[in-house]
Amino acid sequence: MASSFLLPLLGGALIGLSASLLLWANGRVAGISGVVGSLLAPVRGDVAWRVLFFLGLLSGGLLLVWLRPETFPASASPSAHGTLVLVGAGLLVGLGSRLGNGCTSGHGVCGLSRGSLRSFWATLTFMTTGALTVFVVRHVL
């Protein structure tokens with residue numbers, strides 16, 4: 001019971017600490033869409049930390065699958081139809097990140113902690129949209 005409360009709390013604290021350290025040490029915001037998006041049009045001298053950041057995200061997920069495979073049950077494996085839905089969802093998230101000039105991590109974690117009004121409205125918008133989407137999918141469709 002305690003770990004179901006403490007582990008997410010620890011994870012959130014580590015995310016906040018990491019974002020703060022990146023801002024303090026490099027003057028960079030830890031928004032995933034900006035970090036990874038800038039790898040598509042790299043600027044000389046600004047690539048290495050972005051690649052390491054991305055590899056850290058990827059290796060963290062792979063480490064979780066390796067250490068706690070029960071977190072991802074076999075029944076959750078996507079079918080061919082499910083894969084198309086996931087790809088479509090990923091493209092929509094990318095489009096939303098582009099339209100919103102940032103992603104959930106950039107606005108929700110970094111922007112709110114800096115007191116950004118734009119990030120407040122962006123976070124309010126994506127949280128409300130997410131809640132409405134879950135409601136419609138579970139209770140209307």
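**Helix packing and a nonpolar surface patch**

Setting aside neighbours within four places in sequence, alanine 19 touches Ala30, Val109 and Cys110. Two of these partners, Ala30 and Cys110, turn up again with Ala19 in the largest nonpolar core, whose six residues also include Leu22, Val35 and Trp49. This is a predicted model, and the contacts described here should be read in that light.

Stepping back to the whole chain, there are six helices and zero strands, so to speak a plain α-α-α-α-α-α run along the sequence. The C-alpha atoms fill a box of roughly 45 × 35 × 35 Å along the principal axes. Of the 141 residues, 15% count as buried. The chain exposes about 10700 Å², with carbon and sulfur atoms supplying 74% of that area. As for how the chain folds back on itself, take the contacts between residues at least 6 apart in sequence: 32% of them join residues at least 24 apart.

Now to the pairing of α5 and α6. Helix α6 covers residues 117-140, and its end C-alpha atoms lie 33 Å apart; this agrees with the 34 Å that 24 residues should span at 1.5 Å a residue. Ser119, Ala122 and Thr123 are the buried residues to look for in α6. An α-helix has 3.6 residues a turn, so residues three or four places apart point the same way. The buried residues of α6 pack against α5, residues 104-113. On the α5 side, Ser105, Gly106, His107, Cys110 and Gly111 are buried, and Cys110 is also a member of the largest nonpolar core. After α5 comes glycine 115, with a positive phi near 80°.

Helix α4 spans residues 80-99 and holds serine 97. Serine 97 counts as buried because its relative accessible area is 14%, below the 20% cut-off. Its contacts, again without neighbours within four places in sequence, are Ser33, Gly102 and Cys103.

Helix α3 offers a view of the surface. This helix runs over residues 48-67 and includes leucine 58. Leucine 58 has 45% relative accessibility and therefore counts as partly exposed. The residue belongs to a nonpolar surface patch of about 640 Å², made by Leu58 together with Val51, Leu52, Phe54, Leu55, Leu57 and Leu62.

Definitions and conventions. Residues are numbered from 1 along each chain as its sequence is written. This is a predicted model: local features need pLDDT of at least 70, side-chain atom pairs count only at pLDDT 80 or more; totals for chains, interfaces and linings use all residues. Side-chain values use heavy atoms; hydrogens and water are left out. Patches are made of residues with over 30% relative accessible area and no salt bridge: like charges are joined within 9 Å, nonpolar side chains (Val, Leu, Ile, Met, Phe, Trp, Tyr) within 5 Å. Accessible areas come from the Shrake-Rupley method with a 1.4 Å probe; for residues, only the protein chains shown count as cover. A salt bridge is a side-chain nitrogen of Lys or Arg within 4 Å of a carboxyl oxygen of Asp or Glu. Helices (H or I, at least four residues) and strands (E, at least two) are DSSP runs, numbered from the N terminus. Buried means under 20% relative accessible area, exposed over 50%, partly exposed in between (1.4 Å probe, protein chains only). A nonpolar core is a set of buried Ala, Val, Leu, Ile, Met, Phe, Trp, Tyr and Cys residues joined through side-chain atoms within 4.5 Å. Contact means heavy atoms within 4.5 Å. The expected span of a helix is 1.5 Å times one less than its number of residues.
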